[in-house]
Amino acid sequence: MTRGLLRVSSACIAALLLMLAHPAWSAVTGKVAGTVTDNETGEPLVGAAVTLVGAQLGATTDNDGRFFIIGVAAGSYDVRAAMVGYQSVTTEGVRVNIDRTVAVDFAIAPSAITVAGVTVTAQRE
């Protein structure tokens, strides 16, 4: 009886492993990767935020200006790069396919940040 149960268990485990190995059950997402640089100097921008507009997915750039966003469902996305002191840039219609990496590179322009004037007053004691 034990041998029969062992054979059935082994057969079930083998069938399960074969089903999981089938491409239809493997990767169902893609990846967005690229770089963000300063469009005037070409230098990589560290810490720039790259997001998929309308989705709750994003990443920040590393020391080389590179980013990657994993686990992206197949479809079409607008990808935005933003950083303090720079103008935001959006690349529209980026097509993500299952089990593929799509490259999106940004060169963003510096932008002046204006702040209202500050008046400091002091009283002598």
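## A buried aromatic pair

Phe106 is buried, at 3% relative accessible area. The model is predicted. Phe67 has a relative accessibility of 3%. Phe67 therefore also counts as buried, the cut-off being under 20%.

A search of the whole structure gives one aromatic pair. Phe67 and Phe106 form it, with 6.5 Å from centre to centre and 40° between the planes. The pair is tilted, because that class covers angles that are neither under 30 degrees nor over 60. Distant parts of the chain are linked here: Phe67 belongs to strand β4 (residues 66-73) and Phe106 to strand β8 (residues 106-108), 39 residues apart.

## A lysine over a ring

Lys31 lies over the face of Phe68. The distance from the ring centre is 5.3 Å.

## The β5-β6 hairpin

Strands β5 (residues 75-82) and β6 (residues 89-96) run antiparallel. Six bridges join them. Ala81 stands opposite Val89 of β6.

Six residues lie between the two strands of this hairpin. Gly85 takes a positive phi there, near 90°.

## The whole chain

The protein has one helix and eight strands. Read from the N terminus, the order is α-β-β-β-β-β-β-β-β.

Of the 125 residues, 22% are buried. Contacts between residues at least 6 apart in sequence were also sorted by separation: 54% of them join residues at least 24 apart. The exposed area of the protein is about 9,100 Å². Carbon and sulfur atoms supply 56% of that area.

Key: Residues are numbered from 1 along each chain as its sequence is written. This is a predicted model: local features need pLDDT of at least 70, side-chain atom pairs count only at pLDDT 80 or more; totals for chains, interfaces and linings use all residues. Side-chain values use heavy atoms; hydrogens and water are left out. Two strands pair if DSSP finds at least two bridges between them. Helices (H or I, at least four residues) and strands (E, at least two) are DSSP runs, numbered from the N terminus. Rings of Phe, Tyr and Trp (its six-membered ring) pair if their centres lie within 6.5 Å; planes under 30 degrees apart count as stacked, over 60 as edge-to-face and the rest as tilted. Buried means under 20% relative accessible area, exposed over 50%, partly exposed in between (1.4 Å probe, protein chains only). A charge sits over a ring if NZ of Lys or CZ of Arg is within 6 Å of the ring centre and within 35 degrees of the ring normal. Contact means heavy atoms within 4.5 Å. Accessible areas come from the Shrake-Rupley method with a 1.4 Å probe; for residues, only the protein chains shown count as cover.
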